[in-house]
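Visitor: Could you walk me through the surface, the charged pairs and the aromatic rings of this protein, giving the cut-offs behind each term?

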Amino acid sequence: MEKDMLGNKKIAIIGAGHMGKAITEGLIKSKKIKPSNIFISNKSNNIYIVKKADYIFIAVKPFKVKEVLDEIRLFIGNKIILSVAAGISLEILLNYSNTNQKIIRLMPNIPVSENKGVIGFFSNKNILNSEKNQIIKLISLLGKVFELKKEEDLDSLTLIGGCGPAISAYFINLLSNFAVSQGFSQAESIDMTLKIFEGTVSYLQNNNLTPSQLIKSVATKGGVTEAILNELNINNVDKLFTGAMKKGNGKIKKLKEKIK
């Protein structure tokens, strides 16, 4: 029944950038949404696809949101808007659309294309509980949904979830580049490093371990791993990382101020 209910929903995705494409790919890969029920914007057909859809994803850059909502405002009706635009608050979205508009803010990350995303979820008061539950079922096709208590928590999700894949890739790149320096080919180094990260995640999940527990079990006293981790700690890598994340948080605040 759930599959049929979701499968009959028609979805408009306005914005064909990285996130718009990732959401589209994830919905299709889930096999729960009919591809024929997904309508993608090509910049000239926004009104057309909005008229056909039940749910409308706004996946354009933040400074394009007003332009898009101005264009489709008269055709939204009682349909539900799902905005993935970072820094665009519910208040702003309501100002750009209609005061009684049903709006949900989402903060997904790129792995939604593989149905393994992290998605922050926050809805406005116009969304009924039954509608919210239905949307969560839909978004869950793309990965793990985190329903947030405060809208401001979406900023934290932007840092952790939205930026997380690139940060993870940065550390994968560090280990891979070191492997190259040790004589392995680039292809071997990337394959090796990806398998290490994949295996580590699987081991943590299957054995119900926290990262700290795994570190403790591998970094035995007087061993090689302990020496490496001690060197990282001596050089305050954790503090450098926290500082970098705070820099990102500052960037979000500046973006929001600019939007206002």
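The questions and answers below go through these topics in turn.

Visitor: Before we begin, what kind of model is this, and how are its residues numbered?

Guide: This is a predicted model, in which local features need pLDDT of at least 70 and side-chain atom pairs count only at pLDDT 80 or more, while totals for chains, interfaces and linings use all residues. Side-chain values use heavy atoms, with hydrogens and water left out, and residues are numbered from 1 along each chain as its sequence is written.

Visitor: Which helix gives the most residues to the nonpolar surface patch?

Guide: The patch consists of Y170, F171, L174, L175, F184, M192, I196, F197 and F241, and covers about 790 Å². Patches are made of residues with over 30% relative accessible area and no salt bridge, like charges being joined within 9 Å and nonpolar side chains (Val, Leu, Ile, Met, Phe, Trp, Tyr) within 5 Å; the areas come from the Shrake-Rupley method with a 1.4 Å probe, and for residues only the protein chains shown count as cover. Helices (H or I, at least four residues) and strands (E, at least two) are DSSP runs numbered from the N terminus, and both α8 (164-181) and α9 (186-206) supply at least two residues of the patch. With 4 residues, the helix that gives the most is α8.

Visitor: Is L174 buried, partly exposed or exposed?

Guide: L174 lies in helix α8 and is one of the residues of the nonpolar patch. Buried means under 20% relative accessible area and exposed over 50%, with partly exposed in between (1.4 Å probe, protein chains only). Because its relative accessibility is 45%, L174 counts as partly exposed.

Visitor: How are the ring planes of Y170 and F171 arranged?

Guide: Rings of Phe, Tyr and Trp (its six-membered ring) pair if their centres lie within 6.5 Å, and planes under 30 degrees apart count as stacked, over 60 as edge-to-face and the rest as tilted. The structure holds 2 aromatic pairs. In the pair of Y170 and F171 the ring centres are 5.6 Å apart and the planes stand at 90 degrees, so the arrangement is edge-to-face.

Visitor: How many residues apart in sequence are the parts tied together by F171 and F241?

Guide: F171 and F241 form a tilted aromatic pair, at 6.2 Å centre to centre and with 55 degrees between the planes. F171 is partly exposed at a relative accessible area of 37%, and F241 is likewise partly exposed, at 36%; together with Y170 they form one aromatic cluster. Since F171 lies in helix α8 and F241 in helix α12 (residues 237-259), the pair ties together parts whose separation in sequence is 70 residues.

Visitor: Why are K66 and D70 separated by about one helical turn?

Guide: Side chains of opposite charge can pair when their charged atoms come close. A salt bridge is a side-chain nitrogen of Lys or Arg within 4 Å of a carboxyl oxygen of Asp or Glu, and K66 and D70 form one at 2.9 Å, N to O. The two residues are about one helical turn apart because, within helix α4 (residues 65-76), their spacing is 4 residues.

Visitor: Which elements of the chain are linked by the salt bridge between K102 and E131?

Guide: A salt bridge joins the side chains of K102 and E131 at 2.5 Å, N to O. This pair links distant parts of the chain, 29 residues apart, K102 being in strand β5 (residues 102-107) and E131 in helix α6. K102 is buried at a relative accessible area of 9%, and E131 also counts as buried, at 17%. The elements linked are thus strand β5 and helix α6.

Visitor: Which residues does S97 touch, not counting those up to four places away in sequence?

Guide: S97 lies in the loop between α5 (90-96) and β5, and is buried with a relative accessible area of 4%. A polar atom of the S97 side chain lies 2.7 Å from the backbone oxygen of L93. Counting contact as heavy atoms within 4.5 Å, the residues that S97 touches beyond four places in sequence are R73 and I103.

Terms used
A polar contact is a pair of N or O atoms within 3.5 Å; within protein, one must be able to donate a hydrogen and the other to accept it, and residues adjacent in sequence count only if both atoms are side-chain atoms.
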